[in-house]
Amino acid sequence: MISRRDFVIAAMAAGALASGDRGAFAQAARLGKMMQDDILRFDPVGTLTILHTTDLHAQLEPIYFREPSLNIGVGEARGLPPHLVDEAFLAYFKVPAGGADAYSLTSLDFDALARTYGRMGGVDRLATLVKAIRASRGAGNVLLLDGGDGLQGSWSSLQSRGGDMARVFAALGADAMVGHFEFTYGADRVKEIMDAAPYAFLAQNIRSLEWQEPVFEGRKMFERGGAKVTVIGQAFPRTPISNPRWMIPDWEFGLREEDMQKQVEAARAEGADVVVLLSHNGFDVDRKLAARVKGIDVILTGHTHDAMPKPILVGSTILIATGSHGKFLSRLDLEIKDRKVAGFRYGLLPVLSDAIAPDPEMAALVRELRAPYAADLARVAGHAESLLYRRGNFNGTFDDMICQAMLAERDAEIALSPGFRWGGTLLPGDPITFEAIANATAITYPACYRNTMTGQQLKDVLEDVADNIFNPDPYFQGGGDMVRVGGMGYAIDVSQPVGRRISDMVHLKSGKPIEASKSYAVAGWASVNQGVEGPPIWELVEKHVAATKAVKIEPTSFVKVTGA
Amino acid sequence: MQLRSWTPSRREIMEVGLASVLAAALAPRLAMATEETVAAELKKLYGDKPMAGGKIKLDLPEIAENGLVVPLNVDVESPMTEQDYVKAVHVFADGNPLPQVVTYRFTPQSGKAAASVRMRLAQTQNVIAVAEMSNGALHTAKAQVKVTIGGCGG
């Protein structure tokens, strides 16, 4: 077995070959050696280690990803993590300001800290961490679980219909996975990929519509670290509502809380020492579920992209939140005594790409997977003159750019852009490549439509989406952040019930109030309806950026939020 | 007027279903039932007789994946003997143009008081079940089902 020191040296040597730039490498390696060890330093507990990745959104290479500066919690989640951002987040988790942790976990001083600490993620860096932990802990003691949304979110994943990431997860040695955007490749493709995959695809909550039979395995037992570990999988329960149902017409989803309880009981009856829920429910849903379904030891949460440096405990259930885009790897060590969890230690490992030597095999695979699209990925449309980011409850500057593109290129009065949580961040001065545009738009239903909608219809849409985020009962929430709007301002009181949250809708260009009965030209994309016509959104955005050249968008205030 | 109570045939369900789809298509602003409409229907059936909670298990999605066919399973706890059985279960939807969804009638020979149906829900609303037991006792259960326009998730 190679020693830790040998491993670090081997990894550095491989990095040298890959980089080709000796001076830059030597400097990075000094930083890398120190920091890679820092990132991996962990005082082990017990015999079992669970590693968790989630919501990679097909990011093969390191990117910038700014965490939200607004994340409103409602109902019982009000003021609780993950609904704490920036200073409140740092205070709650006792994270010092200004360092690598604050950089990776908040939006504070993002531009400056990004230049200091660099991009995050990259599956070759992730592979280095996973291999190092397997080497130090013993491969038979480690379980690697992915929480879904791994196969979608980039140009290469879209072109290969998830095939590139399926190979990455196989190369990482993933043991099990769950799904959400995976289903937007259609039922047949999901089946094709998962039937061929060396890892289990688990979904206790998907049934055939007609016969109510399970479509996928609900759980799987693994023997690791001398323990029997059962992993129950939960697909995103609202997939047929938030994403096109016509792509998975024969499947029914849902939370299926009672079936979940039965899965837990069946797992225990089969002799499970540890029951893990690998979930794409979203954090608030899992927090509620943890209090209602008995006997789950660990919930590996996903979907809502929250990254938390400490676990949240609900009773004796441990909730882990690993963030998104490959920024983090979660390590959870469990001590099992008398067939029960007797102790644990947790670490949220930041995947700081400049500090971690790329794994040579994974780096080679990434090069191979990206090669067919190299020319498209590298094409530069313009450059950013301000920070372009997406994540947050309401409009971000990247989506403002997309909305401006739709208003201009589709000659619309109002633009609607989906509240996706995925997509990278560009720093001022960064080129806006086709890859960066695809990272925020690569879906299988990209058509940018142009319709007329009445003011009443627009309000109904805003109210409907707002209730998917701000319904005080997490079981009635579904989907992403608030729909982004261009050309229109509005006020929202998140404390109100559905139908009463939205007011003061105004057409920004004319300054006139939106009238309920008047019709407006509306452009939008990512409609869940079948047969939507229009050019793919990335084409429109690239065209608009090419015409604009320098994109400067400051955060705007045309959405007035109260009641938080 | 007495509320029409029947055990519907498949064909009748189809007709009711089609009628409501057509009604919705022709008149999108058709008057919807309310909680009061349902309360009035129940009053016609059972007067002011008190209703208890418990015994009824309503299995419904929290959010409908397709408002046109929302699955409902209803299951009433009962030994189903000659001495103690469930006589009828009425299901109402308080936000549909026609609030009566279905009525099931049972006998001890039914073995169990359980049934499944798929219904159309025009909007977010409550689904209410009322079970009439052989000793005359009434039980009720209610669950909200959210019907969305469909949106942008991720």
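The exercises below, each with a worked solution, concern chains A and B of a predicted model.

**Exercise 1. Describe the make-up of chain B, from its elements to its burial and surface.**

Begin with the inventory: chain B holds 2 helices and 8 strands, and read from the N terminus the elements follow the order α-α-β-β-β-β-β-β-β-β. Turn next to burial, where buried residues account for 45% of the 154 residues in chain B. Then consider the contacts between residues at least 6 apart in sequence, of which 64% join residues at least 24 apart in chain B. Finally, the exposed area of chain B is about 8000 Å², with carbon and sulfur atoms supplying 55% of it.

**Exercise 2. Work out the strand order of the open sheet of 5 strands in chain B, identify its edges, and place helix 2 of chain B against it.**

The order of this open sheet in chain B is 1-8-7-4-5, and its pairing is mixed. Strand 1 (51–52) and strand 5 (100–105) of chain B each have a single partner strand and stand at the edges, so one side of each is left without a neighbour in the sheet. Within the sheet, strand 4 (residues 86–93) and strand 7 (residues 125–133) of chain B are joined in the antiparallel sense over 7 bridges, and B:H90 stands opposite B:V130 of strand 7. Helix 2 (residues 35–46) of chain B lies across strand 1, strand 4, strand 5, strand 7 and strand 8 (138–145) of that chain, and runs at about 160° to strand 4.

**Exercise 3. Determine which side chains of strand 6 of chain B point to the buried face, and identify the pairing of this strand with strand 3.**

As background, side chains in a regular strand alternate between the two faces of the sheet. Along strand 6 (residues 113–119) of chain B, B:A113, B:A115, B:V117 and B:M119 point to one face and are buried, whereas B:A114, B:S116 and B:R118 point to the other and are not buried. Strand 3 (residues 70–76) of chain B runs antiparallel to strand 6 of chain B and is joined to it by 7 bridges. One step further, B:R118 of strand 6 stands opposite B:P71.

**Exercise 4. Trace the open sheet of 6 strands in chain A and the helix that packs on it.**

The strands of this sheet in chain A are arranged as 4-3-2-1-13-14, with mixed pairing. At its edges are strand 4 (200–201) and strand 14 (340–350) of chain A, each of which pairs on one side only. Strand 1 (residues 48–53) and strand 13 (residues 328–337) of chain A pair in the antiparallel sense over 5 bridges, and A:I50 has A:L332 of strand 13 as its bridge partner. Helix 6 (residues 123–137) of chain A packs on the sheet, touching strand 1, strand 2 (142–146), strand 13 and strand 14 of chain A, and its direction makes about 20° with that of strand 13.

**Exercise 5. Classify the packing of helix 8 against helix 13 in chain A, and describe the contact.**

The axes of helix 8 (residues 163–172) and helix 13 (residues 360–370) of chain A come within 11 Å and cross at roughly 170°. Since angles over 145 degrees count as roughly antiparallel, these two helices of chain A are therefore roughly antiparallel to each other. Helix 8 of chain A contributes A:D164, A:R167, A:V168, A:A171 and A:L172 to the contact, while helix 13 of chain A contributes A:M362, A:L365, A:E368 and A:L369. By type, the residues of this contact divide into 6 nonpolar, no polar and 3 charged.

Technical notes. Residues numbered from 1 in each chain as written. Chains lettered and ligands numbered in written order. Predicted model: local features only at pLDDT ≥ 70, side-chain atom pairs only at ≥ 80, totals over all residues. Heavy atoms only, no water. Pairing = 2+ DSSP bridges. Helix = DSSP H or I, 4+ residues; strand = E, 2+ residues; numbered from the N terminus. Contact = heavy atoms within 4.5 Å. Axes fitted to C-alpha atoms, helices over the stretch in contact; angles between N-to-C directions. Parallel < 35°, antiparallel > 145°, perpendicular 65-115°, else oblique. Nonpolar A, V, L, I, M, F, W, Y, C, P; charged D, E, K, R; others polar. Buried < 20%, exposed > 50% of the residue type's maximum accessible area, 1.4 Å probe, protein only. Areas by Shrake-Rupley, 256 points an atom, 1.4 Å probe, with all protein chains shown as cover.
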